[in-house]
Amino acid sequence: MLTQTDRLGGMARRRNGTQAKDEVVATTAVDRHVGSRIRMRRTLLGMTQTALGQAVGLTFQQIQKYEKGANRVSASHLWQFGVTLDVPVSFFFDGFADQGDLPDVILEPDLCTPGEPDPMARRETLELVRAYYRIEDRGQRRRLLDLIRALAAADVPADAFLAATDA
């Protein structure tokens, strides 16, 4: 007999807290956020889904489902992911806001446009960061950063650029 409902996921539970095998478990925004953080860290480390799966005893298909938020990550798997990806368990919840109508991820205003996904979670951003830190010469990294800033400033209207440089 099912009598309780889990507040976060709307999951039907038996009186003793267990879930029947034939019951569908709905995932939540928390599951999607945790999955995106797993994907972000794995990609940042240059690890494949297969390699991560082998390290924690899962198939790459299971890793895919976790990363998409289609499956809920258990506490023991979350611990294994933290150890394998060299981050504390709290890392997977960083940036999550569970406050009603607020967005799931809180970003600095200048990093995103309303309605667009977090640019820090995009594969392109992660690949750029990984490539940047593979450059061993600190001077070259600094010049590259200066170049990127100059290119980004070129996209800003001249009046805004002048106001920013005068400050």
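**Exercise 1. Leaving aside its neighbours within four places in sequence, which residues is V34 in contact with?**

Solution. Keep in mind that this is a predicted model. Start at V34 and skip anything within four places of V34 in sequence; what's left touching V34 is V73, L78, F92 and F93. Next, place V34 in its setting: V34 is among the residues with the most contacts inside the largest nonpolar core, along with I38, L52, V73, F81, L85 and F92. So V73 and F92 turn up twice, as contacts of V34 and as well-connected members of the core, which fits the general picture that nonpolar side chains tend to be buried together in soluble globular proteins.

**Exercise 2. Work out which elements build the largest nonpolar core.**

Solution. Begin with the head count: the core has 17 residues. Then go through the elements that give two or more residues to this core, and you get α1 (29-44), α2 (49-56), α3 (60-68) and α4 (75-85). Finally, look for the top contributor: α1 supplies the largest share, 4 residues.

**Exercise 3. Is F91 buried or exposed?**

Solution. First find F91 in the loop between α4 and α5. Now check the number: its relative accessible area is 14%, and the cut-off for buried is under 20%. F91 therefore counts as buried. To see what is around F91, again leave out neighbours within four places in sequence; R37, M40 and R41 are in contact with F91. As a last step, go back to V34: F91 and V34 are 57 residues apart along the chain, yet their C-alpha atoms are separated by 8.8 Å.

**Exercise 4. Describe the second largest pocket, from its space to its lining.**

Solution. Take the volume to begin with: the pocket holds about 480 Å³ of space. Then walk along the lining, which includes R122, E124, Y132, L144, R149 and A152. Two helices, α5 (123-134) and α6 (138-154), each supply at least two lining residues, and α5 gives the largest share, 6 residues. Sort the lining by class and you end up with 8 nonpolar, 1 polar and 3 charged residues.

**Exercise 5. Zoom out and sum up the chain.**

Solution. Count the elements: there are 7 helices and 2 strands. Read from the N terminus, their order is β-β-α-α-α-α-α-α-α. Turn to burial: of the 167 residues, 25% are buried. For the surface, the chain exposes about 11,600 Å², with carbon and sulfur atoms supplying 55% of that area. Last, take the contacts between residues at least 6 apart in sequence; 48% of these join residues at least 24 apart.

Note on methods
Residues are numbered from 1 along each chain as its sequence is written. This is a predicted model: local features need pLDDT of at least 70, side-chain atom pairs count only at pLDDT 80 or more; totals for chains, interfaces and linings use all residues. Side-chain values use heavy atoms; hydrogens and water are left out. Buried means under 20% relative accessible area, exposed over 50%, partly exposed in between (1.4 Å probe, protein chains only). Contact means heavy atoms within 4.5 Å. Accessible areas come from the Shrake-Rupley method with a 1.4 Å probe; for residues, only the protein chains shown count as cover. A nonpolar core is a set of buried Ala, Val, Leu, Ile, Met, Phe, Trp, Tyr and Cys residues joined through side-chain atoms within 4.5 Å. On a 1 Å grid over the protein atoms alone, a cavity is a set of points where a 1.4 Å probe fits but cannot get out, and a pocket is an open set with protein on both sides within 12 Å along at least five of seven lines; lining residues have an atom within 4 Å of a point. Grid points are joined across faces, edges and corners, and a volume is the space filled by probe spheres set on the points. Ala, Val, Leu, Ile, Met, Phe, Trp, Tyr, Cys and Pro count as nonpolar, Asp, Glu, Lys and Arg as charged, and the others, Gly among them, as polar.
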